[in-house]
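Me: I'm new to this one and would like to see the reasoning behind the labels people put on a structure. Can we go through it together, one label at a time?

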Amino acid sequence: MENIGLENIALFSGLILSLVGLWGLLTQKNIIKMIVGFALLDTGIHLIMIAVGYVKNSTAPIIGEGVTKANAADVIADPIPQALVLTAIVIGLGITALMLAYAVKMHQKKKSLDINHYKDLKW
Amino acid sequence: MVGPIYIIAIALGLAFLLGFFKKLNANIAQTFMMAGVGAMSFISVQWLFGHLAGMVTETVTYTAGFKPPFSISLQMGAMEAGVTSMINIFGFLGGVYLWRKLKEMGLNAIIIYMVTLMGLNVIVLTRDLFNLFVFLEVSTIGIVGLILLERGVNTISSGFKYLVAGGVISSFMLIGTIMIYKYAGSLYINDIITSNIAATKGGMVALFLLLIAVILELKPFPANGWALDVYESANSGISAFLSAGFATAMLFVLYKLMPMFPIEWQAMVAVVGGITFIGANLLGIRQKNAQRLLGYSSAGQMGLLTAVIGLSSYLNEQFIFILVTILLGHYLAKAGLFWLAGIVKEKEINSWSLLRREPLLVVLFGVFILTLLGMPPFPSFFGKWELIMKLAAGGQTTWILAILIGSFLEAVYLFKWFGYVLKGENEGLPVLQIKPEKIISPVVFATVSVMAGYYAGSLLGETNFAFYIPLMFIAAIGLLEFLPAFVKNTFAIAGMGYLAYTTLPGLFETDLLRFIFMGIFILGGILTLFAGYYYKGKRQGFYPSALIMFAGLAGIIQAETLLQFFFSWELMTIGSYFLIIRGKRSMTHGFSYMLFSLAGAYAILAAFGMVDAQVGNMLSALGGVTSHATLIFALLAIGFMTKTATLGLHIWLPGAHAEAESDVSPMVSAILLKAGVFGLLLTFFGMGAESAGNSSILYVLGWLGAITALVGNLAASFQEDAKRLLAYSSIGQLGYILFAYAMATQLGWIGGFLYVINHFAFKAILFLTIGAVVLRVKTHNMYEMGGLIKRMPLAFIAALIGIIALSGVPPLSGFAGKWFFYNAVILKGWYFQGAVVFFAGVIAFLYSYRILQTVFLGQLKDEHRHVKEIPLTFLIPIYILVIGIMIFSMYTHWVLEPITQYLTAYFPSDPVHWDGAAATTSLGYWNGTWVMYIIGIMFVLILGWLLWLNAKATKVKQFNMVFSGERPFTPETTHMAHNMYAGYNKALGFITAPGITTFWNKVAEFVTDAAGFIRRIYTGNGQTYAFHIVAYIVIIYFMIF
C-alpha cells in the first residue's frame, strides 16, 4: 500500500470511474441512467484532478501548525487543483441538474425516458 | 477608457439585482437588461475604436490584486475588442429581436440571456485556462437554458442531446486543462505558451485533449449532429445566438490558444477545418429545412475559418484580415438569416417565396446570402480573394481547390434557396406578419455588411471608390423603386449615357479593344433599355439588377488590377442572374446559369491566384507569367467559356435566354455573352498565342469552336420555340467567334472582331423583334404564328435584315465576316475544322429560313387577324440598330482598318492591306461599299420587276385554293411549321441529342445521392452523436500520434 501511493490510487480509481461513466453515458438507453453515467464521469475526473495536485507527505495548504509563510511552499500540497475541483464540482452539479430538468420535461412531453424515442430530428 | 472588467461587473451585477425582484415588471426588467447589454457594447466598441485609432495599446487587467499566474487576467487587445464588440452588439440586437419572447418567458430568461452573453465575453477576454473552462460551461448552461424558450418536444430533446455532447466535450477539456497544469505548473496562457510542455509525451496528450475539445466546440464534420438538431429546432433568435455569438467566441478561443500547440499541428487543424467545410456544405445540398440548412452552413463556415487558422503560416501579414473579414461575413449573414427565419416562420426553404410579399425582406435575404458566399461588395469577398492569393503564393494548390469546391457546394444550396425566394410559388402560403422589433436587427446587420465591405476593400489598398460610384447610383435607383418604370428607365438611360460620355472618348484614344467592347456594352445597354419604356407599372427589381450587370460589364473594361476585374466579373454575374431569373419559368435556368458562372469564376480566381503569385496584381502583367503558363491559360479559357456558352458548358443558355423577358433576352444574349469573349481576348492578348503550350490549347479551342457552331446551329434548326431558336443560334455564333480567335492570326482576329460586332447588332435586332412579337401574340411557338408580315411589316423587315446579317449573305457585314473567316482558315491551314464550320454555316440557313417562314410568311392565323404592329418602344432601338448595321456593312473599313492596325502590334507580318474600302489579302480582295452598291441596284431592279408583275396578278381569298386534292379550311393546314425539319432531324438529330445535359444531370444526381447517403450518419439519436465525438477524438489522436 505504502509504495503504491495514495495519489496513484486516486488517479487509477478516477480513471476507472470516468470510463465506467462514459460507458454508461454511451450505452444506457434510459435517460436517467445516462445522467448517472455523466455524474460518474464527472466524479471520476474530479478524482483525477485531486490526484494531480497531491504531493506526497505534505500537509494541507493552511497556514498554522508547522506551516509558516517561510516554509509553506515546501511543506504544503498544491492548493490550486483543490480550488479547481471545487469549481468543477459546482459546474458538474449545474449541468447534472440541467440534464435532470430536461429529463423531466422530456418525460412530460412523451411519457418516455428512452433516448431512442427522441429521434425525430435527423439527417 | 472604461475597463473590460466592467463588462463582467455590469452583467453579473444586473443579473443578481434582477434576481432579487422576482415581482418586477418584465418590461422594466428587460429595459434594464438592454441598458446593461448596451453598456457592455459601449465598453467593447470604445476599445475597438481606441485600437483602430491607435490611441490605446493592448491592455491587461489583473483581478484580485495579484499578477498572473496567481490571479485571473483579462486582456483587451485589438482582436479581443473586435470580437467582444461583435458579441455584445449581437447581444443587443438579438435582445431587441427576442424582446417579446423574453418578456413572455419572464425574468429568469432575461437573466440567463445576460449571463450567457457575459460568459462569452469572459471566454474571449480571459488569459486563464481554467477560467476559460468555467465560463465556457457557464455559457453552455446558459445557451441550453435559452433553448427552452421553445417548448416543443423536438426542441427539448435537441437541447438534451446538446447537453450530453457538451458534457462529453467538456470532460475531455477538463482533463486536458488539469494535465496542462501538471506539466506547465501554471494556468496562465502566456506561461503555458513559453513553457514548452509539448516536449513530454504527457504534455502532448494534455495539449491534444484541450485542442480537440476546442475544435469539437466548433462543430466539426462529422461529429456535429448534436448542434444541427439545436440549430433546427431552437427559437431562431437562439440559433442566431449560437451561430453568430457562441461560434464567434469559440473561434476566437481557437485563435487565442493556437500558440500553445506544436507548430506541426497546424496542418491537422487546417485539414479538420477543410473536411468540415466541404463535408457540411455537401450535406447541405439535400437539406430542405431552412434552419437546419443554416446549421450546416454554419458548421461549414466555422470549418473554413478553422482551416484559415490552421493555414496561418501561409497567410503571413494578411492572416488577420482574412480571418476577420470571413468571420464578419459569417457573423452578419448567419445572424441575419436566422432572424429572417423567425419572421418567415416557414420551415421548408421552398415556402420562403413568402418573402416576396415584402420587397425589403428579399433585399435583406439577398444581402445576407451574397455576404455568406463572399460575393462583392461584401467583406468576405475580399477575405476569400486574399485567402486564395496567399495560398497561391504559398504554392498550396490543393488547398485552393478544396476551398473553391466547398464554396461551390455552398453556393449550390444557397442559390437554390435564393431561386425559391425569387421565383417559387407563393400562392396559398400564410400572410407575413412582421413585428417591428424583429425587422430592425436584420436591417442593421445588412447595412453593416455593405459598409464593412467598403471598408475591407479600402484596407486592401484598392482605389475602389471609383468602383463604388456606380453601386451608389444603383442604390439610389433602388431607393426610388416606388416610382413608375418609365421614370426609372429614364434615370437608368441617363446614367448609362453619362458613363458612355465619360469613358468612351478616352478609351478610343488609348485602347481600341476596350473601346469596342465598352461601346457594345454601354450603347447596347442604352438601346435595349429603351425597349423597357414598353413596360407599365413599377417593374420592381428590374433596374437595380440591370444596372448591377452593366456596372459589372463596364467594370471589367475599366479594371486595371486582377481584383478589380474579378470584383466586376462577379458583380456582372449577380446582376445578370437577377435579370435572367425574372422570366416566368426561369427558376431552374437561372439556377444552372449561376452554377456554371460560379464554377467559371472560381476557375478564373484560381488562375488569378497563380498569376498574382508570380507577377503581381496588375491585369497588364499577365504576359509576364512564366511557370504553369499553360495551366493558367487553360483555367482562364474554361472560366471565360462558361460565359460564352461553349459546347459542354452551354446547357444553361437556351433556357436562360429563351425564358427571359423580351428586353432581357437581347441584353443577356447580344451583350452579356461578349463579356466572355472579352475575357478570352484579354487572356489571348495578355498571355500570347505563341508559346507551345498555348498553341496546342488553341488548337483544341478551335475544334471546340467549330463543333459548337455545328451543334448550336443544328439544334437551333430543330426548335419550335422562336426564342430558343435564337438562343441556340447564339451558341453557334459564339462557336464561330471562339474558332476565329483560336486561329490566332491577324485575319482570324479581324474576322473575330467583325463577328463580335455583327452578332451584337443582329442578335439584338432579332431578339428585340421576336421578343416584341411574342409580347403581341402571347406564344413562343413558331407553329402558332405565321403570316405576321401582313400585321407587322416593320418587324418583318427588321427580322429580314437581321437574318441576312446573320447568315452571311451579301451585302451585309455577315458576308464580310465570312470573307475574312475563310481567308483566315485557308491561310492557317485548318481545313478540317474549316469544313465543319462551313457545314455549320450551311445549316444556319435552315433556321434562318425557318424563323422567317414560320413567323412572318405563310397564312395568318385566325386569332392574329387583329394583332398590332410591335410596339414603338421596341421599333426605335431595332431600327437604330438596322441603320447601324447598314452603315457598318457599307463602311466596314471605318472599323476594320483601325483594328487591323491595332492587331499589327501583335502580328507584325501584315497580310491585309486596306485601300479605302477595299481589303486585299494574298487570296483576293473585297470591297464592302461596292458590294453594297451592286446588291442594292440588283435589289431595286428585281423589286421593281416583282411589283410590276404583282400589279397584273389576280387577288384571291385566303382559302381559294386546292392542293393534293384537298381544300384547306384553316390556316394551320396550309402552313408547314410544326416539326418543320423532321427529315433532317431523323438524319442529323443525334448530334443534338442532349448527351451533355444528361452528363451534367448525372453529375448533379451523383453529388446529391452522395450527400443523401452520408447524411444518414446523423441518426437523430443523442447517444450516437456522443459516440461520434468520442470516435472523432480517438481517430484524430491516432492520426497525429
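Me: What makes you say that domain 1 of chain B is in contact with domain 2 of chain B?

Reply: This is a predicted model, and in it seven residues of domain 1 of chain B are in contact with nine residues of domain 2 of chain B. Contact here means that the C-beta atoms lie within 7 Å. On the domain 1 side, the touching residues are seven nonpolar, with no polar and no charged ones.

Me: Where do those two domains run, and how far apart are their centres?

Reply: The domain assignment gives 5-154 + 218-454 for domain 1 of chain B and 463-580 for domain 2. Their C-alpha centres lie 35 Å apart.

Me: What makes the largest nonpolar core lie between those domains?

Reply: Both domain 1 and domain 2 of chain B give residues to this core, so it lies between them. The core has 418 residues, and B:Met114, B:Ile180 and B:Ile765 have the most contacts inside it. Helix α31 (residues 746-777) of chain B supplies the largest share, 21 residues.

Me: Which residues does B:Met114 touch?

Reply: Leaving out residues up to four places away in sequence, B:Met114 touches B:Ala11, B:Leu14, B:Ala15, B:Met33, B:Gly36 and B:Val37.

Me: Why is α6(B) called largely enclosed?

Reply: A residue counts as buried if 20 or more other C-beta atoms lie within 10 Å of its own. In α6(B), 18 of the 19 residues pass that test, so the helix is largely enclosed by the rest of the structure. As for its length, α6 (residues 129-147) of chain B reaches 27 Å from first C-alpha to last, close to the 27 Å expected at 1.5 Å a residue.

Me: How do you know whether the radius of gyration of chain B agrees or disagrees with a compact globule?

Reply: Set the two values side by side: a compact globule of 1041 residues would have a radius of gyration near 31 Å, and chain B has 32 Å, so the two agree. The C-alpha trace of chain B spans about 115 × 60 × 50 Å along its principal axes, and 58% of the residues of chain B count as buried.

Me: And which element of chain A gives the largest share of the side that touches chain B?

Reply: That's α4(A), with 15 residues. In the whole interface, 32 residues of chain A are in contact with 35 residues of chain B. The chain A side has 23 nonpolar, three polar and six charged residues.

How values were computed
Residues numbered from 1 in each chain as written. Chains lettered and ligands numbered in written order. Predicted model: local features only at pLDDT ≥ 70, side-chain atom pairs only at ≥ 80, totals over all residues. Helix = DSSP H or I, 4+ residues; strand = E, 2+ residues; numbered from the N terminus. Expected span 1.5 Å × (residues − 1). Buried ≥ 20, exposed ≤ 12 C-beta atoms within 10 Å, placed from the backbone. Domains from an automatic or database assignment. Contact = placed C-beta atoms within 7 Å. Nonpolar A, V, L, I, M, F, W, Y, C, P; charged D, E, K, R; others polar. Rg over C-alpha atoms; globule rule 2.2 N^0.38 Å. Core = buried A, V, L, I, M, F, W, Y, C linked by C-beta atoms within 7 Å.
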